[in-house]
Every structure is written in structure tokens, then in C-alpha cells.
Amino acid sequence: MVTFFYFRAMRNIIILFTIIILFQACSNNIGNDVAEITKVMNEQVAAWNNGDITTYMQGYWNNDSLQFIGSKGPKYGYQTTLENYQRSYPDKAAMGELHFSSLQYKRLSNEYYYVTGAWSLTREKDNPHGYFTLLFRKVNDKWVIIADHSS
């Protein structure tokens, strides 16, 4: 009888430790994902603030299905998004200094994250600002923006 309770207790302890290990592994993975996504966004800010839209665009999915929703409605494609940025921000003065704030990350799956936040530009004559919603997807082991809704 004692042996039965001993094995039952050991089984429960093993199950508990397995759950703890799985939870820690999942938590570590989420932390790594958020760090990688934050790195992508920080690289975008640095590129923008250097006046380099081409490097800024590396945070986006280079695909015809990339979706960007701005004041003129949805547009599709990496090249379209690049050209719209270049037209709207023809030089460093127009680009200003970009800042992101109030970032929130929501894990949707191993492959997708939903990120919201605020953006602001500091320019000589004005300081436009707004909010964004980004859908990140892990493509070829790299986090990229596949949909951007900025207002």
C-alpha cells in the first residue's frame, strides 16, 4: 500500500515538473519573440532617423501581399509601400525624427504577433503623431511586418 502511494506521489511530482518546464520554455520563447520583434522595430527607427527608407523597409515582408492601411485606404505590395513612403517623405527633413511608444505585444501563435503602439515625428515645423497596429509573421525564421495600419 505504501508503495502505491509512493509511486502515485512520484508520478504527480513528475507531472508537475513537466508542466513547470513546459511553461518556462514557452515563456522563454515568448520573451525571445518579443525581443526579436522589438529589435526589428528599433532597427526601423534607426534607419528612419538616418533618412534611409530602404533600410527601414527591411522590417516589412518583401511580398506583393504586404498590406498597408493609411489615410487613403488599403494598399498592397512591398514595392507600392516603398514608393508611397518615398513619395510622402522625399528627404530627411520631411522624415524628421521617429519615435515609438506605448508598445503592446499580443502573441497570436508561434508564427504571428499583434503589436500596437503610438508613433510620433519630430520635425522643424510640426510634430505629427498617431497610432499603429502591426501584424508580424515569422517568415524564414525572421519576424517581418505583413500588415500595417497607421493613422
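A residue is called exposed when its relative accessible area is over 50%, buried when that value is under 20%, and partly exposed in between. With these cut-offs in hand, the predicted model can be explored residue by residue. A good place to start is S102, which has a relative accessibility of 58% and therefore counts as exposed. This residue lies in strand 3, and its phi angle is positive, at about 55 degrees, although S102 is not a glycine.

A similar description fits D141. Here phi is about 65 degrees, again a positive value in a residue that is not a glycine. D141 is found in the loop between strand 5 and strand 6. Its relative accessibility is 66%, so D141 counts as exposed.

Stepping back, the chain as a whole contains four helices and six strands. Read from the N terminus, the order of these elements is α-α-β-β-α-α-β-β-β-β. The chain has 151 residues, and 30% of them are buried. Its accessible surface amounts to about 9,800 Å², and carbon and sulfur atoms hold 57% of that area. Contacts can also be sorted by how far apart the partners sit in the sequence. Among the contacts in the chain with a separation of 6 or more, 49% join residues that are 24 or more positions apart.

One residue that shows such links in detail is N49. It belongs to helix 1, which covers residues 2–49. N49 has a relative accessibility of 13%, which is under 20%, so it counts as buried. What does N49 touch, leaving aside its neighbours within four places in sequence? The residues in contact with N49 are K92, G96, E97 and L98. With E97 there is also a polar contact between the two side chains, at 3.3 Å.

Attention now turns to helix 3, which spans residues 78–88 and has Y78, T81, L82 and Y85 as its buried residues. Why do these four lie on the same side of helix 3? They cover an arc of only 100 degrees around the axis, and they are therefore placed on the same side of the helix. Another residue of helix 3 is Q79. Its relative accessible area is 42%, which falls between the two cut-offs, so Q79 is partly exposed. Along the chain, Q79 and M57 are 22 residues apart, and their C-alpha atoms are separated by 9.7 Å.

Helix 3 also appears in the description of the largest pocket, which has a volume of about 700 Å³. This pocket is lined by 28 residues, and those closest to its centre are F68, G70, Y85, S88 and Y89. Y85 is thus named twice in this account, as one of the buried residues of helix 3 and as one of the residues closest to the centre of the largest pocket. Which element gives the most to the lining of the largest pocket? That element is helix 3, with five residues. Several other elements take part as well: helix 1, strand 1 (67–70), strand 2 (73–76), strand 3 (97–107), strand 4 (112–122), strand 5 (129–139) and strand 6 (142–150) each supply at least two residues of the lining.

Methods: Residues are numbered from 1 along each chain as its sequence is written. This is a predicted model: local features need pLDDT of at least 70, side-chain atom pairs count only at pLDDT 80 or more; totals for chains, interfaces and linings use all residues. Side-chain values use heavy atoms; hydrogens and water are left out. Buried means under 20% relative accessible area, exposed over 50%, partly exposed in between (1.4 Å probe, protein chains only). A polar contact is a pair of N or O atoms within 3.5 Å; within protein, one must be able to donate a hydrogen and the other to accept it, and residues adjacent in sequence count only if both atoms are side-chain atoms. Contact means heavy atoms within 4.5 Å. The arc is that of the directions from the helix axis to the C-beta atoms. Accessible areas come from the Shrake-Rupley method with a 1.4 Å probe; for residues, only the protein chains shown count as cover. On a 1 Å grid over the protein atoms alone, a cavity is a set of points where a 1.4 Å probe fits but cannot get out, and a pocket is an open set with protein on both sides within 12 Å along at least five of seven lines; lining residues have an atom within 4 Å of a point. Grid points are joined across faces, edges and corners, and a volume is the space filled by probe spheres set on the points.
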